[in-house]
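Please work through the following exercises with the structure in view, and try each task before you read its solution.

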Amino acid sequence: EIISVAEAMASNGMKALGWSYINLDDCWTDPNRTASGNIMADPLRFPDIKDTVKEVSKRGLKLGVWTIRGIYQQALDAK
């Protein structure tokens, strides 16, 4: 789906008008983060996030990701 959006943005003139980012909301992260709180891509939605970034980049766009600042609750609970 993300690649389809990138293709549409690159081909319908949005890129030419200055649009350069496709931003993912917080649903890109793994809901079962490690206890350390490390931010990881959801392996079901993005089995290869690096490949997604490469495919978006091939179309002259950038992939942005949203994340919450601070420490995840899992990390706090694990001390």
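**Exercise 1: a residue and its core**

Task: find which residues F46 is in contact with, leaving aside its neighbours within four places in sequence.

Solution: F46 is in contact with I2, L24, W28, A41 and T52 once those neighbours are set aside, where contact means heavy atoms within 4.5 Å. The model is a predicted one, in which local features need pLDDT of at least 70 and side-chain atom pairs count only at pLDDT 80 or more, while totals for chains, interfaces and linings use all residues. Residues are numbered from 1 along each chain as its sequence is written, and side-chain values use heavy atoms, with hydrogens and water left out.

As a next step, place F46 in the largest nonpolar core, which has 11 residues, among them I2, L24, W28, A41 and F46. Such a core is a set of buried (under 20% relative accessible area, 1.4 Å probe, protein chains only) Ala, Val, Leu, Ile, Met, Phe, Trp, Tyr and Cys residues joined through side-chain atoms within 4.5 Å. Helix α1 gives the most to this core, with 3 residues.

**Exercise 2: a loop residue**

Task: decide whether L61 is buried or exposed, and list what L61 touches beyond four places in sequence.

Solution: L61 lies in the loop between α2 and β2 (62–65), and with a relative accessible area of 2% L61 is buried. Beyond four places in sequence, L61 touches A6, M9, A10, K15, W19, S20, I22 and V56. Finally, L61 also belongs to the largest nonpolar core.

Technical notes:
Buried means under 20% relative accessible area, exposed over 50%, partly exposed in between (1.4 Å probe, protein chains only). Helices (H or I, at least four residues) and strands (E, at least two) are DSSP runs, numbered from the N terminus.
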